[in-house]
Amino acid sequence: MYEVSTELTYYVGKIKGGCVDMKVINIEAETGAGVRLKKGQVIRVIDIEGKQVADLVAINADDSTECLDPGATIDALHSKDIQQGEPLYSNRYQPMLTVMKDMVGKHDLLLPACRPEMYEILYDKREHANCFDNLNKALVSFNIQPLQQHRPFNIFMNTIVDNEGRVCVVEPLSSSGDYIELKAEMDLIVAVSACPTYESACNGYECTGIRLEVLG
Ligand SMILES: [Zn+2]
């Protein structure tokens, strides 16, 4: 299991004898963080304890009107499921992030980020931590205005669609230390939220942290 630092961000620096320059961000349970990626850099999203969903959004660092678009990705891939080697597309159908390595193979492109209204309607709870606010807070720190809705790539989210079209979110298949690696195909601002839903199987009924590593 990875150790969680109390510091949000720190640099590991150059690994002796190698050329890996790695930035590490530990996202505590129910919170979010953002990072700037240069084209060609790889972000590794790690499920620290297992069964934890990470909502990821990406925005073109040079043009905030271009963003990761799960609907366009489903359209371009002809599938609701993304495979290793395939890209996530922007609203302009440009590759934004390519899946380089995937230890889990089950993620979600269908559902929006959880938001305060969702917790009110589905769980009758007010002022619940949520991915919508976590992502907006992370983006604001990069001078990106809050969005009205977030449609992320929901990493490790295990959404099942049955033959009748019913949609059900069940426990993630990810175990402690499992990760996915995504390569930036353009300069990007990326925000990630460790989903705060503990009321359902979405995060295995317990919210834990997510670790980001930026390579390159
Ligand atoms: Zn969420």
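Which residues does Ala-54 touch, not counting residues up to four places away in sequence? In this predicted model, Ala-54 touches Val-45, Ile-155, Phe-156, Val-192, Ser-193, Ala-194 and Ile-210 once such neighbours are set aside. One of these residues, Ala-194, is also the bridge partner of Ala-54 in strand β12. The surroundings of Ala-54 are described below, after an account of the protein as a whole.

The secondary structure of the protein comprises three helices and 13 strands. For a chain of 216 residues, a compact globule would be expected to have a radius of gyration near 17 Å, and the value of 16 Å computed for the protein therefore agrees with that expectation. Along the principal axes, the C-alpha atoms fill a box of roughly 55 × 40 × 35 Å. Of the 216 residues, 38% count as buried, and among the contacts with a separation of 6 or more, 72% are made by residues 24 or more positions apart.

Four strands form an open sheet with antiparallel pairing, in the order β3-β12-β5-β8. Strands β3 and β8 (153-155) stand at the edges of this sheet, and because each has a single partner strand, one side of each is left without a neighbour in the sheet. From one strand to the next, the twist averages 25°. Within the sheet, β5 and β12 run antiparallel and are joined by seven bridges, and the pairing of Ala-54 with Ala-194 of β12 belongs to this description.

A second set of pairings involves strand β4 (residues 42-47), which is joined to β11 by five bridges, the two strands running antiparallel. In this pairing, Ile-46 stands opposite Tyr-179 of β11. Strand β4 is also joined to β13 (residues 210-215) by six bridges, again in an antiparallel arrangement, and here Val-45 stands opposite Leu-212 of β13.

Strand β11 (residues 179-184) contains Ile-180, which is buried because 26 other C-beta atoms lie within 10 Å, against a threshold of 20 or more. When its neighbours within four places in sequence are left aside, Ile-180 is in contact with Val-45, Val-99, Lys-101, Asp-102, Met-103, Val-104 and Ile-155. Val-45 and Ile-155 are thus among the contacts of Ile-180, and both are also touched by Ala-54. The C-alpha atoms of Ile-180 and Asn-26, which are 154 residues apart along the chain, are separated by 15 Å.

In soluble globular proteins, nonpolar side chains tend to be buried together. The largest nonpolar core of the model holds 48 residues, of which Val-45, Ala-54, Leu-56, Ala-58, Val-190, Val-192 and Ile-210 touch the most other members. Strand β12 gives the most to this core, with six residues. Among the residues touched by Ala-54 are Val-45, Val-192 and Ile-210, which are likewise named among the core members that touch the most others.

Helix α3 (residues 131-140) is mostly covered, with eight of its 10 residues buried. These buried residues are Cys-131, Phe-132, Asp-133, Asn-134, Leu-135, Asn-136, Ala-138 and Leu-139. The elements that cover them include β3 (32-37), β5 (54-60) and β12 (188-194), and these three strands also take part in the open sheet.

Notes:
Residues are numbered from 1 along each chain as its sequence is written. This is a predicted model: local features need pLDDT of at least 70, side-chain atom pairs count only at pLDDT 80 or more; totals for chains, interfaces and linings use all residues. A residue is buried if 20 or more other C-beta atoms lie within 10 Å of its own, exposed if 12 or fewer, and partly exposed in between; C-beta atoms are placed from the backbone. Two residues are in contact if their C-beta atoms, placed from the backbone, lie within 7 Å. Two strands pair if DSSP finds at least two bridges between them. A nonpolar core is a set of buried Ala, Val, Leu, Ile, Met, Phe, Trp, Tyr and Cys residues joined through C-beta atoms within 7 Å. Axes are lines fitted to C-alpha atoms, for helices over the stretch in contact, and angles run from 0 to 180 degrees between N-to-C directions. The radius of gyration is taken over C-alpha atoms; the globule rule is 2.2 Å times the number of residues to the power 0.38.
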